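These are my notes from a reading of one structure. I set down each item as I looked it up.

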Amino acid sequence: MTAGAFVAATGDGPEPAVPARERAAEVRVAFEGLLQIRRLTNTEADAPEAVPAAWELNQPVRSVALALEAAGITPSAVDADGRRSATGYRVGPGEQPGTARVEWVGPPGGGAAQEEQDTLTKCAAALGRAGWTALLYRGPRRRRFLEVEPARTPTTGTATEGDHTHGR
């Protein structure tokens with residue numbers, strides 16, 4: 001494992017400094033820890049693992065990023081100068097407290113805009129299985145993004161998807 005605490009990839013940091021197999025093991029351990037937190041804290045839920053824990057609700061960007069990375073979806077990355085160096089998801093704060101926003105981004109000319117419909121739909125499905133509700137919107141310059149919030153009830157593995165007009 002890497003030195004220090006595990007940090008889920010939000011898509012705004014550098015590419016992992018460890019080999020892919022090692023990073024996958026770190027992600028697996030972190031996600032299993034998250035599921036254990038859910039089992040221990042969501043004792044009144046019918047399916048405790050299907051409901052985000054209070055810790056997650058206070059840190060939706062980190063929680064959503066961990067769920068996406070655990071699902072095997074590739075995060076974006078930036079180089080030392082802050083330029084996009086890899087195509088993938090980017091998780092940031094949503095407009096409302098307790099929410100997150102997921103975009104599909106990449107280096108200029110890398111094709112991220114053409115991939116975003118399919119890849120964000122896959123992100124929404126993965127988040128739905130992890131206890132989050134993800135709505136697909138079209139924003140400025142017709143770029144799509146997900147608004148993600150905790151699911152109100154335990155999920156069955158399907159996310160709420162649609163291509164909503166969202167004037168921002």
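**Entry 1: serine 76.** I looked up the side chain of serine 76 in this predicted model and found that it reaches the backbone oxygen of alanine 86 at 2.6 Å. I then noted a polar contact of 3.0 Å between the side chains of serine 76 and arginine 84. I located serine 76 in the loop between helix 3 and strand 1, the latter covering residues 77–78.

Is serine 76 buried or exposed? I read a relative accessibility of 3% for serine 76, so this residue counts as buried. Leaving aside neighbours within four places in sequence, I listed the contacts of serine 76 as Gly11, Arg84, Ala86, Thr87, Gly88, Tyr89 and Val105. I also checked valine 91, which is 15 residues from serine 76 along the chain; the two C-alpha atoms are separated by 9.4 Å.

**Entry 2: threonine 87.** Threonine 87 appeared among the contacts of serine 76, and I turned to it next. I found threonine 87 in the loop between strand 2 (84–86) and strand 3 (88–93). Its relative accessibility is 23%, and therefore I entered threonine 87 as partly exposed.

Beyond four places in sequence, I noted that threonine 87 touches several residues, including Thr74, Pro75, Ser76, Trp104, Val105 and Glu115. Ala112 is also one of its contacts. What separates the C-alpha atoms of threonine 87 and alanine 112? I read 6.4 Å, for two residues that stand 25 apart along the chain.

**Entry 3: helix 4.** Alanine 112 is one of the buried residues of helix 4, and I went on to that element. I recorded 18 residues for helix 4, numbered 112–129. The helix reaches 24 Å from its first C-alpha to its last, close to the 26 Å expected at 1.5 Å a residue. Where does helix 4 bend? I found a bend of about 35 degrees at aspartate 118.

I listed the buried residues of helix 4, among them Glu116, Thr119, Leu120, Cys123 and Leu127. I recalled that an α-helix has 3.6 residues a turn, so residues three or four places apart point the same way. The buried residues of helix 4 pack against helix 3, strand 4 (100–105), strand 5 and strand 6 (144–150). Just after helix 4, I noted a positive phi of about 95 degrees at glycine 131.

**Entry 4: glutamate 116.** I looked up glutamate 116, which lies in helix 4. With a relative accessible area of 2%, glutamate 116 is buried, because the cut-off is under 20%. Which backbone atom does its side chain reach? I found the backbone nitrogen of arginine 144, at 2.9 Å. Leaving aside neighbours within four places in sequence, I noted contacts of glutamate 116 with Trp104, Thr121, Arg142, Arg143 and Arg144.

**Entry 5: arginines 141 and 142.** Arginine 142 is one of the contacts of glutamate 116. I placed arginine 142 in the loop between strand 5 and strand 6, and arginine 141 lies in the loop between those strands as well. I read a positive phi of about 60 degrees for arginine 141, although it is not a glycine. Arginine 142 likewise has a positive phi of about 60 degrees without being a glycine. At 77% relative accessibility, arginine 141 counts as exposed; arginine 142, at 56%, counts as exposed too.

**Entry 6: helix 1.** I measured nothing by hand here and took the computed span: helix 1 (residues 20–41) has 22 residues and reaches 31 Å, close to the expected 32 Å. I listed its buried residues as Arg23, Glu26, Val27, Ala30, Phe31, Leu34, Leu35 and Arg38. These pack against helix 2 (54–58), helix 3 (60–70) and strand 5 (132–138).

**Entry 7: the whole chain.** I noted four helices and seven strands, running α-α-α-β-β-β-β-α-β-β-β from the N terminus on. Of the 168 residues, 43% are buried. I read that residues 24 or more positions apart account for 53% of the contacts with a separation of 6 or more. The chain exposes about 9100 Å², and carbon and sulfur atoms supply 53% of it.

**Entry 8: confidence.** I recorded a mean pLDDT of 89, with 88% of the residues at 70 or more. Where does pLDDT stay under 50? I found this over residues 154–168, for which the model has 44 contacts beyond four places in sequence.

Notes: Residues are numbered from 1 along each chain as its sequence is written. This is a predicted model: local features need pLDDT of at least 70, side-chain atom pairs count only at pLDDT 80 or more; totals for chains, interfaces and linings use all residues. Side-chain values use heavy atoms; hydrogens and water are left out. pLDDT is the predictor's confidence in each residue, from 0 to 100. Contact means heavy atoms within 4.5 Å. Helices (H or I, at least four residues) and strands (E, at least two) are DSSP runs, numbered from the N terminus. The expected span of a helix is 1.5 Å times one less than its number of residues. Buried means under 20% relative accessible area, exposed over 50%, partly exposed in between (1.4 Å probe, protein chains only). A polar contact is a pair of N or O atoms within 3.5 Å; within protein, one must be able to donate a hydrogen and the other to accept it, and residues adjacent in sequence count only if both atoms are side-chain atoms. The bend at a residue is the angle between axes fitted to the seven residues ending there and the seven starting there. Accessible areas come from the Shrake-Rupley method with a 1.4 Å probe; for residues, only the protein chains shown count as cover.
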